[in-house]
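Let us practise turning numbers into labels. Each question asks for a reason, and each answer gives one.

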Amino acid sequence: QVQLVESGGGSVQAGGSLRLSCEGSGYTRFKSMAWFRQAPGEEREGVAAFYFGSGGSSDITYYSRSVQGRFTISQGNAKNSVYLQMNSLKPEDGARYYCAAGVNPNYGPLPALSPDSYNYWGQGTQVTVSS
């Protein structure tokens, strides 16, 4: 059974930082992992995606425009794990953040940040940013 477990959410003041972690289990090797967020009454939004390199190819990362330059997605210490370092947080970054994993994703920023590209999802972790 595939599971994704997120951690690291919490409350922070605007301008602060948080680091989210996601660790997957029950699958040999995901091709991609990503972070999405969803605020009440809004659609789920792709924030950042990490495509694991293989066979000599490099890792690839994608970011939404709203977080480019402030958030960094990186590979975790364990396989099938990623971090999301969030700096210069704004009140509008507050949402429930979900980790997702894909097994056969298409490349490019649009598919990378689309929920349809992912097969497995975590339960989410709450991020609150106060002004």
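Q: Why is Trp 121 called partly exposed?
A: This is a predicted model, and in it Trp 121 has a relative accessibility of 28%. Buried means under 20% and exposed means over 50%. The value for Trp 121 falls in between, so Trp 121 counts as partly exposed.

Q: What makes Tyr 118 count as buried or exposed?
A: Its relative accessibility is 6%. The cut-off for buried is under 20%. Therefore Tyr 118 counts as buried.

Q: How do you know which label fits Tyr 107, buried or exposed?
A: Tyr 107 has a relative accessible area of 52%. Exposed starts over 50%. So Tyr 107 is exposed.

Q: And what about Tyr 51, buried or exposed?
A: Tyr 51 has 1% relative accessibility. That is under 20%, so Tyr 51 counts as buried.

Q: How many aromatic pairs does the structure hold?
A: There are nine. One of them joins Tyr 51 and Tyr 107.

Q: Why is the pair of Tyr 51 and Tyr 107 called tilted?
A: First, the ring centres are 4.8 Å apart, and a pair needs centres within 6.5 Å. Next, the planes meet at 55°. Stacked needs under 30 degrees and edge-to-face needs over 60. An angle of 55° meets neither, so the pair is tilted.

Q: What makes this pair a tie between parts of the chain?
A: Tyr 51 lies in strand β5, residues 45-51. Tyr 107 lies in the loop between β9 (95-102) and α1 (109-112). These parts are 56 residues apart in sequence, so the pair ties them together.

Q: What makes the pair of Tyr 118 and Trp 121 edge-to-face?
A: Their planes are at 70°, and edge-to-face means over 60. The centre-to-centre distance is 6.5 Å.

Q: Which residues form one aromatic cluster with Phe 30?
A: Tyr 27 and Tyr 120 join Phe 30 in the cluster.

Q: What elements make up the chain?
A: One helix and 11 strands. From the N terminus on, the order is β-β-β-β-β-β-β-β-β-α-β-β.

Q: Why is the chain called as compact as a globular protein of that length?
A: Its radius of gyration is 14 Å. The globule rule gives 14 Å for 131 residues. The two values are close, so the chain is as compact as a globular protein of that length.

Q: How much of the chain counts as buried?
A: Of the 131 residues, 45% do.

How values were computed. Residues numbered from 1 in each chain as written. Predicted model: local features only at pLDDT ≥ 70, side-chain atom pairs only at ≥ 80, totals over all residues. Heavy atoms only, no water. Helix = DSSP H or I, 4+ residues; strand = E, 2+ residues; numbered from the N terminus. Rg over C-alpha atoms; globule rule 2.2 N^0.38 Å. Buried < 20%, exposed > 50% of the residue type's maximum accessible area, 1.4 Å probe, protein only. Phe/Tyr/Trp six-rings, centres within 6.5 Å; stacked < 30°, edge-to-face > 60°.
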